[in-house]
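I opened this entry to keep a record of what I looked up in the structure, and in what order. My starting point was the empty space enclosed by the protein.

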Amino acid sequence: MNGTFLTIFIAFIIISSISTVFSSRMSSEVITKWMKNIEVEHLFLGIIQSQNQYFVGNDVEVKKIPIGNMLFQLATNVKPNDVRSLLGNEIPGFFAYDYKIHIAGEGTDYTNLLHESSAPMEVLLKEREIAEQSLLDADEINTPPVPDKMLEEELVYIHHSHSWESFLPLLKGVSEPDEATSNNSSANVIAVGNMLKNSLMGAGVKSKHNTSNVTEQLHARGWNYYNSYQLSREVVKEVLSTNKEVRYVIDIHRDSFRKERTTININEEKYARLLFVVGEDHANFEKNLEFADRLYYAIEEKYPGLCRGVLIKNKSQGDGIYNQDLSERSLLLEVGGVDNNLEELHNAVEVFAEEFSKLVWEEKNAGQF
């Protein structure tokens, strides 16, 4: 009987320890993933059954808990059922093996997924000269068409957590990808946001576009690159709380990959390729993923290869949420890469806006909001 009490006491200590760990929000992704698939009662019964089968009963099925595998993974960071993890932390750039390719577009695999560079604040603050022709081209592109019909509500919110992300063809005398940054809204992703706002307007969908200089805002607070989603979260929350009409949130970025991976030729027209990123560490994950899927397949049907795919990321590969927990229709949209020019970016945005606006009209007509 003393052995029984000892076993129960040990089980109590283990379960209490686990509860304590999670109440303090331990950040280990390994533990989190394991515990998502483990029910506490099975853990408790498993420990009891290991000491004496009669305490549980022969007719009670107890789920086996692979404690050995979990401890091995915690100790080595190697996943017993995934040989790629043997190399994941040893080969530079191989960390991408842990990304989840939900939908692989044309040419997309684990060697050419999202590539994001984190520049120090002194690089982000540096002023760069803009190519004058790019500004002239932007004026011509940004002339909004007149829609046949217009939704009354301002349904879409466009913003840029990394507003400094720029494109080499828009900068004068800059050739290195890591230096493709600018605080000039005519030469960074804010310009892409302007394109999208105008294209949506032409399809009868109103949008609000945040053109704030995130670099300056981060610098003013003494923050850096890694606080960018924290900053944009404050703004998105405020927008959603003060404007109840907003149903769609789009955070526009650009990739750091070179042109051969971020550009495609379709019917003799060049396009910057698109990539959808969905964070999975939040309750709205499934709904956001379903919406990204719908967009991907709608675009793929008419413009095969334009989308690089749909990528799922958790906290081990980045933010893991990207403020997408704040909306059921939230997207992180990568438009092209460092080498794409205004024409290629505009062509891609036009396609995205066309298919996105169709989904908005469908949901509006179906009475979903």
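**Cavities**

The largest cavity has a volume of about 100 Å³, a value I read from a model that is predicted. I then looked up how many cavities of 30 Å³ or more there are, and the structure holds two.

I next listed the lining of the largest cavity, which consists of Tyr 157, His 159, His 160, Ser 163, Asn 210, Ser 212, Val 214, Gln 217, Ser 228, Leu 231, Ser 232 and Val 235. Sorting these residues by character, I found four nonpolar, eight polar and no charged. Which elements supply at least two residues each to this lining? I noted strand E2 (154-159), H8 and H9, with H9 giving the most, at four residues.

**Helix H8**

Since H8 contributes to the lining of the largest cavity, I went through this helix separately. Helix H8 spans residues 214-221, and its buried residues are Val 214, Thr 215 and Leu 218. They cover an arc of only 100 degrees around the axis, so they sit on the same side of H8. For the cover over these buried residues, I recorded that it includes helix H5 (121-124) and helix H9 (228-242). Val 214 therefore appears twice in my notes, as a buried residue of H8 and, together with Gln 217, in the lining of the largest cavity.

I also checked both ends of the helix. At the N-terminal end, Asn 213 acts as the cap, with a side-chain oxygen 3.1 Å from the backbone nitrogen of Thr 215. Just after H8, Gly 222 takes a positive phi of about 75 degrees.

**Ala 203**

I then turned to Ala 203, which is found in the loop between helix H7 (189-202) and strand E3 (206-209). Is Ala 203 buried, partly exposed or exposed? Its relative accessibility is 27%, and because buried would require under 20% and exposed over 50%, Ala 203 counts as partly exposed.

Leaving aside neighbours within four places in sequence, I found Ala 203 in contact with Lys 149, Ser 357 and Trp 361. I also noted the pair Ala 203 and Lys 358, which are 155 residues apart in sequence and 8.3 Å apart in space, C-alpha to C-alpha.

**Whole protein**

Finally, I took down the overall figures. The secondary structure comes to twelve helices and nine strands, and 50% of the 369 residues count as buried. Among the contacts with a separation of 6 or more, 77% are between residues 24 or more positions apart.

Methods. Residues are numbered from 1 along each chain as its sequence is written. This is a predicted model: local features need pLDDT of at least 70, side-chain atom pairs count only at pLDDT 80 or more; totals for chains, interfaces and linings use all residues. Side-chain values use heavy atoms; hydrogens and water are left out. Buried means under 20% relative accessible area, exposed over 50%, partly exposed in between (1.4 Å probe, protein chains only). The arc is that of the directions from the helix axis to the C-beta atoms. Contact means heavy atoms within 4.5 Å. A polar contact is a pair of N or O atoms within 3.5 Å; within protein, one must be able to donate a hydrogen and the other to accept it, and residues adjacent in sequence count only if both atoms are side-chain atoms. On a 1 Å grid over the protein atoms alone, a cavity is a set of points where a 1.4 Å probe fits but cannot get out, and a pocket is an open set with protein on both sides within 12 Å along at least five of seven lines; lining residues have an atom within 4 Å of a point. Grid points are joined across faces, edges and corners, and a volume is the space filled by probe spheres set on the points. Ala, Val, Leu, Ile, Met, Phe, Trp, Tyr, Cys and Pro count as nonpolar, Asp, Glu, Lys and Arg as charged, and the others, Gly among them, as polar.
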